[in-house]
Amino acid sequence: MNRAVKWLVIIVVGLVVLVLGALIIIPNFYDLNHFKPQIEKQVAAATGRTFTLGGEISLSLFPWAGVALEDVHLGNPSGFSEKDFISVKSFEVRVKLIPLLSKNLEVQRFVVDTPRIVLAKNKKGQANWEGLAKPSAGKPAQPTEPKAAQAPSDGAFPIQSLAVGEFDIKNGSLLYLDEKAGTKNEISALNMSLKDVSFDRPILIDFSAKMDGKPLAMKGQIGPVGKELGKKPIALDLEVAALEEIKLKLKGVLENVTQQPQFNMALNLESFSPRKLMAALGQEFPVQTSDPGVLSRVSVKAGIKGTPQAISISDGVVVLDDSTINFSLQAKEFDKPNLGFNLNLDRIDADRYLPPQTQGETAKDGQKPATQKAAANKTDYAPLRKPVLDGTLKIGELKINGAKVQDISAKIAARNGRYTIDPMSLKLYSGSAAGNAVLDVQGNEPQTSVNLQAKQIQAGPLLVDLMQKDTLEGALDADVALNMAGDDPDRIKPTLNGKGALVFSDGAIKGIDLAGMARNAQAAFGLAEKGGPKPRTDFSALNVPFTITNGLFNTPNANLASPFLRLKASGTADLVKEKLDFRVEPKVVGTLKGQGDTDERSGLTVPILVSGSFSKPSFKPDLEGMAKKKLQEALTDPAKLKESFKKDKEGLKSLEDQGKGLLKGFLGK
């Protein structure tokens, strides 16, 4: 029995020695280079491209099973300027054989030297990656038997352990060419090294490259990944540097990567300049701003977690120049998308980010410039019908079009193309405003409605900042409801409908002195000596109720009350045709005693007709209306009529100018 065991051991050892000897000796006598033509032919048939092995093929079997290739080329189809689709200077891989018997993978080397990949589109728009692995011409694809459904993978690797000594990609490049568009982009000098590649230790990553000549780099570690991928969280800690501007840190964990992937990351994008970034890319900055110094400092911090189906961002902080935005965001159904958000902006001067103002061009023949005409192609609002929004917006301080607003608060929602802002509140110029708005794009044309209530807004500073006009003072109360359709002024104006009231209290019309007009018309209109105080007319109340019907503004009974004047106005302003049609009836009341005038002027009235266009209004006394009134007086009191004509002759010119000046003040002319 012992003798049999002895001979069995001798035989087994002999076989092992024989096999090992064969593994060592065979590569020395078996030259794979003789098979290069067959290898090239088979690869070419499988890919439909030319394939060449220009260098030597080296083979080793013990103790490391390995293969080394040199000068490998996979060609492009005809019609492309680049000859090769893929080329590699050299490739080498060596794996230890004996550990493979127990499912332990030990890799001594995995090195790719100077790989080059060219992705290209020719002038016909054809891409060189199309058609790979198609069956050869004349050889129809063979039908294959349907495979039985496989059970989902549990993430376990088919090996027990992994150890890689050297994993390097050296001096690689990726070139993208679009000959039709005339563009070229290249990632060059690509080097990547992995260290400590195993299941039970973090894998160290060192990556560097140049994108169109600008540096890219990534360093950090991933893992350990574990023997069963996805069973345990995979830690990730990476730092990315790009284009000498971008520095991004990403730290967190990946979970359940094989079944239901989840991630939980902390993101930190250090402060960078978008303007310098675009310059580094050799591109012009895509937007023009009135202040060329903005968009020079941006940073982002946030916690991001989620799955492929939903993402949640918490504790988000964006610094944009001098502004800070704190935000949170929940996103799902990315094809819509469905977004919930909370944004809190401390302050921003929006005027700095608006396009610079340009001098308006005048079109020939008195027509509007082409940019003001209705667009030939209608806007497609279908994409705006998809988003679902539910969020809040708060802004501490906002400057826009010169106006300064504080404490803006709005709730924003959207569903099926209907966007609502309700409620909305803000403070401005010692007063406040509140209301709501709706934008509906369910149809082919947007429909908009706005409701706004304002209280005690100081009109003077607001007009100065917003319109650069110092013509009116007073505390404004307003209640306005408007509806309109369209997305450009020419369409909006004829669809504008609504009603409201503007009430100014304890204010003044600046540039007009109605009391002075009654005393001295020449001084009141600035024809006297210069250097005096700017004329003004104080009033206790100015009330302008109005309706708007299809772009026609109508006020039936606007009225002003001041110590020496009562003014009533009625008429229309056609916003579409830009035409005016008003009748203004000023009436001097009270007395000017103590101010150089002892005459009673109670009841003296000269109506003024306002017509013409917005740009060129015309003013004239309503002589016909006045004559009818005098005729009625003649029938009742001839003596009073005679005295009235005498006073009217003296005051007609002054009161006509009074009405003109008053209306010009309102219009800001």
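Let me start with a cut-off: buried means under 20% relative accessible area, exposed means over 50%, and partly exposed is in between. Keep that in mind for arginine 352. Its relative accessible area is 23%, so arginine 352 is partly exposed. One caution before we go on: this is a predicted model.

Now the overall picture. The protein chain has 669 residues, and 32% of them count as buried. It contains nine helices and 31 strands. The accessible surface is about 40600 Å², and carbon and sulfur atoms hold 58% of that. Take the contacts between residues at least 6 apart in sequence. Of these, 49% join residues at least 24 apart.

Next, the interior. In soluble globular proteins, nonpolar side chains tend to be buried together. Here the largest nonpolar core has 60 residues. Which of its members touch the most others? They are Leu428, Ile457, Phe504, Phe539, Leu542, Leu560 and Val610. There is also a second, separate core, made of eleven residues. Val107, Val197, Ile205 and Met265 are among them.

Nonpolar residues also show up on the surface. Ile86, Ile117 and Leu174 make a nonpolar patch of about 190 Å². Look at isoleucine 117 in that patch. It belongs to strand 5, residues 104–121. Isoleucine 117 has 34% relative accessibility, so it counts as partly exposed.

On to charges. Side chains of opposite charge can pair when their charged atoms come close. How many salt bridges does the structure hold? It holds 19. I'll walk through three.

Start with arginine 352 again. Its partner is aspartate 322, and the closest N and O atoms are 3.4 Å apart. This pair links distant parts of the chain, 30 residues apart. Both residues sit in loops. Aspartate 322 is between strand 15 (310–320) and strand 16 (323–332). Arginine 352 is between strand 17 (338–349) and strand 18 (388–400). As for cover, aspartate 322 has a relative accessible area of 46%, so this residue is partly exposed too.

Second pair: lysine 510 and glutamate 473, with closest N and O atoms 3.3 Å apart. Lysine 510 lies in strand 24 (residues 497–510) and glutamate 473 in strand 23 (residues 472–485), so this bridge ties together parts 37 residues apart in sequence. Is lysine 510 buried or exposed? Its relative accessible area is 17%, so lysine 510 is buried. Glutamate 473 stands at 24% and therefore counts as partly exposed.

Salt bridges that share partners also build a network: Glu92, Arg94, Arg109 and Glu166 are joined into one. Inside it is our third pair, glutamate 92 with arginine 94. Their closest N and O atoms are 2.6 Å apart. Glutamate 92 counts as buried because its relative accessibility is 17%. Arginine 94, at 23%, counts as partly exposed.

Last topic, strand pairing. Strand 13 (residues 262–272) and strand 14 (residues 298–307) run antiparallel, joined by eight bridges. One example: alanine 266 has glycine 303, in strand 14, as its bridge partner. Strand 14 also runs antiparallel to strand 15, and nine bridges join those two. There, lysine 305 has serine 312 of strand 15 as its bridge partner. What joins strand 14 to strand 15 along the chain? A hairpin does, through two residues.

That's the tour. Happy to go back to any part.

Notes
Residues numbered from 1 in each chain as written. Predicted model: local features only at pLDDT ≥ 70, side-chain atom pairs only at ≥ 80, totals over all residues. Heavy atoms only, no water. Patch = residues over 30% accessible without salt bridge, like charges linked within 9 Å, V, L, I, M, F, W, Y side chains within 5 Å. Areas by Shrake-Rupley, 256 points an atom, 1.4 Å probe, with all protein chains shown as cover. Salt bridge = Lys/Arg side-chain N within 4 Å of Asp/Glu carboxyl O. Helix = DSSP H or I, 4+ residues; strand = E, 2+ residues; numbered from the N terminus. Buried < 20%, exposed > 50% of the residue type's maximum accessible area, 1.4 Å probe, protein only. Core = buried A, V, L, I, M, F, W, Y, C linked by side-chain atoms within 4.5 Å. Contact = heavy atoms within 4.5 Å. Pairing = 2+ DSSP bridges.
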